[in-house]
Amino acid sequence: MEISGKTKLCALIGDPVEHSLSPAMHNAAFKHLGLNYVYLAFKVERERLKEAIAGVKALKIHGLNVTKPLKIDVIPLLDELHESASKVGAVNTILNRDGKLVGYNTDGLGALKALENAEVDLNGIKVVIFGAGGAARAVAFSIAPKVGEMVLLNRTVEKAERLAHDLEEKLGCKARFGGLSEEVKRRELRDADLVINATSVGMRPNKNLSLVNPDLLGPDLAVFELVYNPVETKLLKDARKAGSKVIDGLSLLLHQGVESFSIWTGVKPPIEVMRKALESALEDASDG
Ligand SMILES: NC(=O)c1ccc[n+]([C@@H]2O[C@H](COP(=O)([O-])OP(=O)(O)OC[C@H]3O[C@@H](n4cnc5c(N)ncnc54)[C@H](OP(=O)(O)O)[C@@H]3O)[C@@H](O)[C@H]2O)c1
């Protein structure tokens, strides 16, 4: 598709954004469907967010993804919040609907889709989530209403406690919380059905780290890894060896992007094209 006077612009804002895989994923999808859209990434520092959002309105930019550290700060600058964002208290997608900026959060929906695709039935199961940062929050809010038991384990216990409190206050869902000692992990994982790593442990360059001792893994425990660089983390390698069902971090990246794409275009996204674009962008990034 040639860029023209009618081309619609979607963009990522955050800091840093240089290594984002989203431009590759969305531009491949626009191209595949012949949509006259383009996706760019803009580094926006926190203190210039207000100016950036005024610019989005003035330039009539069509859609945004929002990443760290702006996902919360952007909320008061928007005209409307979709329920997906108001519950979690964070925005990762914005649609410019006839001049009104509407904020969404597709991370939670993306997590649900990734789990659904892997045929993980959440109904009534016990889930242990490692982490209590932005990703853990989005995932916990999306799955809490379905699961039977939720345990939040985080290095900084107070953050897990705050997340548990918010889940109860906003959704009426109870979650237990704790730290990451071996004893707690062993006790909680023994009868868990799904463990989600929503910490950055295992991420490049510390790719030989995992929070889960391999002897705690097995065929009865599904493992959802949110780290995607590398895609095959130590946790996922150990989980495959132990016969666990595994869901990788690219699945979440893909499905949150798929949901954003639908919001901006109203068109059914080409999921396979988007996954391939992500994989090859990641390969290029790892080579570089
Ligand atoms: N696949 C996807 O699409 C996707 C989307 C979002 C995020 N992610 C990934 O998910 C991870 C978390 O992202 P985020 O946005 O939630 O980041 P965040 O808000 O900064 O939270 C980081 C989390 O990791 C924990 N953590 C960091 N270093 C640790 C260590 N050495 N030991 C134990 N815990 C540690 C933190 O614990 P404390 O609270 O104690 O600091 C916190 O819970 C990142 O690797 C990110 O790339 C993936």
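R240 is partly exposed, with 43% of its relative accessible area showing, and in this predicted model it forms a salt bridge with E232, the closest N and O atoms sitting 2.6 Å apart. E232 is partly exposed too, at 29%. Another pair turns up in helix α8 (residues 234–241), where D238 and K234 lie four residues apart, about one turn of the helix. Their closest N and O atoms come to 2.7 Å. Here the two partners fall into separate classes: D238 counts as buried at 10% relative accessibility, whereas K234 is partly exposed at 25%.

A search of the whole structure gives 20 salt bridges. One of them joins the side chains of D73 and R46, at 2.8 Å from N to O. This pair ties together distant parts of the chain, with the two positions 27 residues apart: D73 belongs to the loop between β3 (63–66) and β4 (80–81), and R46 to the loop between β2 (37–43) and α2 (49–59). D73 has a relative accessible area of 31%, so it is classed as partly exposed, and R46, at 48%, gets the partly exposed label as well. Elsewhere, K126, E149, R176, E188 and D191 are hooked up in a network of salt bridges. As a general matter, side chains of opposite charge can pair when their charged atoms come close.

Turning to the nonpolar side of things, the largest core has 37 residues, and those with the most contacts inside it are I129, I143, M150, L152, L194 and F224. Two or more residues each come from α4 (106–117), β7 (126–130), α5 (134–143), β8 (149–153), α6 (157–171), β10 (194–197) and β11 (222–225). The largest share, six residues, is down to α5. A separate core of 23 residues lies apart from this one, with F30, Y37, L95 and F261 among its members. In soluble globular proteins, nonpolar side chains tend to be buried together.

L194 gives a feel for the packing. Setting aside neighbours within four places in sequence, L194 touches L115, V120, L122, I125, K126, V127, V128, L221, A222, V223 and F224.

As for the helices, α4 and α5 pack at about 65 degrees, with their axes 8 Å apart, and their crossing is right-handed. On the α4 side the contact is made by D107, G108, A111, L112 and L115, which meet A138, V139, S142 and I143 of α5. Sorted by type, the residues of this contact come out as six nonpolar, two polar and one charged.

How values were computed:
Residues numbered from 1 in each chain as written. Predicted model: local features only at pLDDT ≥ 70, side-chain atom pairs only at ≥ 80, totals over all residues. Heavy atoms only, no water. Core = buried A, V, L, I, M, F, W, Y, C linked by side-chain atoms within 4.5 Å. Buried < 20%, exposed > 50% of the residue type's maximum accessible area, 1.4 Å probe, protein only. Contact = heavy atoms within 4.5 Å. Axes fitted to C-alpha atoms, helices over the stretch in contact; angles between N-to-C directions. Left-handed = near helix turned anticlockwise from the far one by under 90°. Nonpolar A, V, L, I, M, F, W, Y, C, P; charged D, E, K, R; others polar. Salt bridge = Lys/Arg side-chain N within 4 Å of Asp/Glu carboxyl O.
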